[in-house]
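Let's take a friendly walk through this structure, one region at a time. Keep the sequence and the 3D view side by side as you read.

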Amino acid sequence: MKSLLVTLGQLLFSLFMYAIGTIFFALALIPGMMLIHKAWIYAQGLQGFLKYFLIGGSFAATYFLFGFSLIALIGAVRVLFGLRLREGNYPIFSWGALNWALCGGLQLLISFTFIDFILLTPFANLLLRLLGAKLGKNVQINSKFIADASLLEIGDNTVIGGAATIICHAVERGKLKLRKVKIGNNVTVGLNAVILPGCEIGDNAVIGASAVLLKGTKVEPRAVYFGVPAQAIRPHHKEEAENA
């Protein structure tokens, strides 16, 4: 009986998110549809290549208008309704877990449709800030696998490499556990690295490609971590001694 209720709850929530996604997509498509309508009318007075180029161009531009409209819409809704994650342990069937699922679902609307076009641009930083992340200056982000943005803090001049994964949640023994991830200044997170909940990375540290930082790992400033699980291969105090 309990498993049936769990399945039913998951089904109802999925249908709810599909409905929310439909509404968000419809609203985000309005500017582009208006552009297509105007271009179609104007194109009737043209011939040949120019006609089809104008119509095709309006469809192409609609995709980008859709993406940026969706970012603005989701950011506005998150701020308006105060959707923000807080550290703690929550039962799977609780308001805290529901809030987490809703925040994650809204972020996925962008991750599955548009985010690839904004990586390594200021728009990626804008998106994460709208989702609640705290980012410093000149942060470079080349990954769409960043979850739980409102629990993420990144300092100045930090680089998040391609396909790196940063998550601030874990589900264990029927509990949703939310923990902040804090990344300092001038940090490099390598290609395909994985950073799990509760990790703290000090300034000028390097997390190597494909390294996996286990939950709650504390990386000291200037340390270099590689491997699975990630371990320090150059402790910070050794480098400081070499530079003395």
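Phe 16 makes a good starting point: with a relative accessibility of 43%, Phe 16 counts as partly exposed. Please keep in mind along the way that the model is predicted. Phe 13 falls into the partly exposed class as well, at 23% relative accessibility. Both of these phenylalanines sit in helix H1, which covers residues 2-43, and they are 3 residues apart, about one turn of the helix. Their rings form a tilted aromatic pair, with 6.4 Å from centre to centre and 40 degrees between the planes.

Now move along to helix H2, residues 48-80, where Phe 49 and Phe 53 lie 4 residues apart, again about one turn of the helix. Here the aromatic pair is stacked, with the ring centres 5.6 Å apart and the planes at 25 degrees. Are these two side chains, Phe 49 and Phe 53, buried or exposed? Both are exposed.

These two pairs belong to a wider set, as the structure holds 11 aromatic pairs. Look also for the aromatic cluster that brings together Tyr 63, Phe 64, Phe 68, Phe 114, Phe 117 and Phe 123.

Next comes the sheet. It is open and has 3 strands in the order S1-S8-S7, with antiparallel pairing. Strand S1 (88-91) and strand S7 (169-172) are the edge strands, each pairing on one side only. On average, neighbouring strands of the sheet are turned by 25 degrees against each other, direction ignored. As general background, strands of a sheet pair through backbone hydrogen bonds, in either a parallel or an antiparallel manner.

Zoom in on S7 and strand S8 (residues 175-178), which run antiparallel and are joined by 4 bridges. You can follow the register residue by residue: Ala 170 has Lys 177 in S8 as its bridge partner, and Glu 172 stands opposite Lys 175 in S8. The hairpin of S7 and S8 has 2 residues between the strands, and in this hairpin Arg 173 takes a positive phi near 50 degrees.

What lies across S1, S7 and S8? That is helix H3 (residues 95-111), which runs at about 65 degrees to S8. H3 has 17 residues and reaches 24 Å from its first C-alpha to its last, close to the 24 Å expected at 1.5 Å a residue. Its buried residues are Gly 96, Ala 97, Asn 99, Cys 103, Gly 105, Leu 106, Gln 107, Leu 109, Ile 110 and Ser 111.

One of those residues, Cys 103, leads to our last stop, the cysteines. How many disulfides does a search of the whole structure find? The search finds 0. Why is Cys 103 not bonded to Cys 168? Cys 168 holds the closest cysteine sulfur to that of Cys 103, but the two sulfurs are 12 Å apart, too far for a bond. For Cys 199, the closest cysteine sulfur is also in Cys 168, and at 9.3 Å that sulfur is too far for a bond too. For scale, a disulfide here calls for sulfur atoms within 2.5 Å. As for their surroundings, Cys 103 is buried, with a relative accessible area of 15%, and Cys 199 counts as buried at 0% relative accessibility.

Key:
Residues numbered from 1 in each chain as written. Predicted model: local features only at pLDDT ≥ 70, side-chain atom pairs only at ≥ 80, totals over all residues. Heavy atoms only, no water. Pairing = 2+ DSSP bridges. Axes fitted to C-alpha atoms, helices over the stretch in contact; angles between N-to-C directions. Contact = heavy atoms within 4.5 Å. Buried < 20%, exposed > 50% of the residue type's maximum accessible area, 1.4 Å probe, protein only. Phe/Tyr/Trp six-rings, centres within 6.5 Å; stacked < 30°, edge-to-face > 60°. Expected span 1.5 Å × (residues − 1).
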